[in-house]
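Biologist: Could you take me through one part of this fold slowly? I would love a close look at how the strands sit side by side.

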Amino acid sequence: GAVQKGVKRDVAKQVFALMEKFAGYGFNRAHAAGYALLSYQTAYLKANFRREFYLAAMNLEIDNTDKISTFVQDAKSRGIQVLTPDVNKSEEYFIGEEKNIRYAIGALKGSSVASMKEIVRERDANGVFKDIYDFFKRTKNLGINKRQIECLVFSGAFDSLHKNRNQILSSLDVLTADSSESGVKQRSLFAEYKTENATLANVAEWSEIEKLDKERTAIGFYLSSHPMDVYAEFLTCYNVVRSRDFSSSRENITVAGILLAKKEKLSKNSQKFAFLTVSDQDNTFEVTVFPDLYSKISSYLKIGNALIIDVSIKIEAGNAKLLAHSIQNIDSIMNDQKVYISLQEGADLDAIYNTIESLEDGNNAISFIIQKQIGKKIEIETKYKKNMSIENRKKLTLLTGVTFYL
């Protein structure tokens, strides 16, 4: 081709040889320069426009729960709060709200941007939803199915309309009695009367642990808080290392978290061992449990259990590898321990007595601790043996003058 255009053959060959040589490294350099520029621009945006950076990243990966979880944790570590879904404030995509980020209802499990956009359009057109009845009345013909409604309930998206999530879930048949799950725009003569006068099921709210577990089902990870938060006071007795501090190899440390998944394997000797996926307030991490230990504790390794684990940790290529030496169920430890209730000045003794009396019997012996003077305490043993679960401890700590002495 070059010869035909009047270029001498020797010159054409020489130029081609130079081009061939350049191709061996020129593309790589150009590629590296392009990536370097892109990295610089990304770092600049993340450093100077943090909220906008995370908003763009989350919306780009709106169908990827794992990546959203990583962005949420990173944003929180930099002082940006990610607010829970709310049918009166959220949109189908992640949006900014003051200095924070509002979680997208289109990112919930089982939902879609398209279906959730219909809710946002209705709200924008006719104003915020006044209560739970108003929501179902106005959205019944938008094609929102039961699975999507359940995810909205689990995520807490209705909390601004009605606090009792279990009550909404238990009343869905009544609330959606005149709705068409297929999205056909058809209503009965008494449709409005049914929805506005529906009687909600008389059921108690879920415990905090149950609410968080269902929130994780809908969102894919813990957002509003973490189940380990309720064990914070108890864990002060242990030198627990959080996953954010897995920075160096160490022989004996203690970690704690919620068991999210358990994968069993067979060794060469046909013995079972396992990889546990555990979550603490900062991240998820994997713990390997070899056959000797696994055979002893496998029966009480239930998904959702709060565990305290003694491990050795090895950092390889920036990844933490944890090997378990012992594993204990935190609730089992708490259920067998003696409980010390510290009575402060002004404690409402009648209320404390009545609350303890109302608790179900269990294995926790109860003693009161009274501070007489600095450095001197008096222990008063009681006749009670109660189930001092996290929920029951909360009932007591809400009373005047009560703290738990560790």
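Modeller: Happily; here is a walk through the strands around strand 8. Please keep in mind that this is a predicted model, where local features need pLDDT of at least 70, side-chain atom pairs count only at pLDDT 80 or more, and totals for chains, interfaces and linings use all residues. Residues are numbered from 1 along each chain as its sequence is written, and side-chain values use heavy atoms, with hydrogens and water left out.

Two terms first. A strand here is a DSSP run of E with at least two residues, numbered from the N terminus, and two strands pair if DSSP finds at least two bridges between them.

Start with strand 5, residues 272–279. A hairpin of four residues leads from strand 5 to strand 6, and the two run antiparallel, joined by six bridges. In this pairing, S279 faces T284 of strand 6.

Strand 6 covers residues 284–289 and also pairs with strand 8, residues 319–329, this time in the parallel sense over two bridges. Here V287 has L322 of strand 8 as its bridge partner, while T288 stands opposite L323.

Strand 8 pairs with strand 7 (residues 306–316) as well, in the antiparallel sense over ten bridges. One of the partners to look for is A320 in strand 8, which bridges to I315. The hairpin of strand 7 and strand 8 has two residues between the strands, and A317 takes a positive phi near 55° there.

As you trace the strands, remember that in a regular strand the side chains alternate between the two faces of the sheet.
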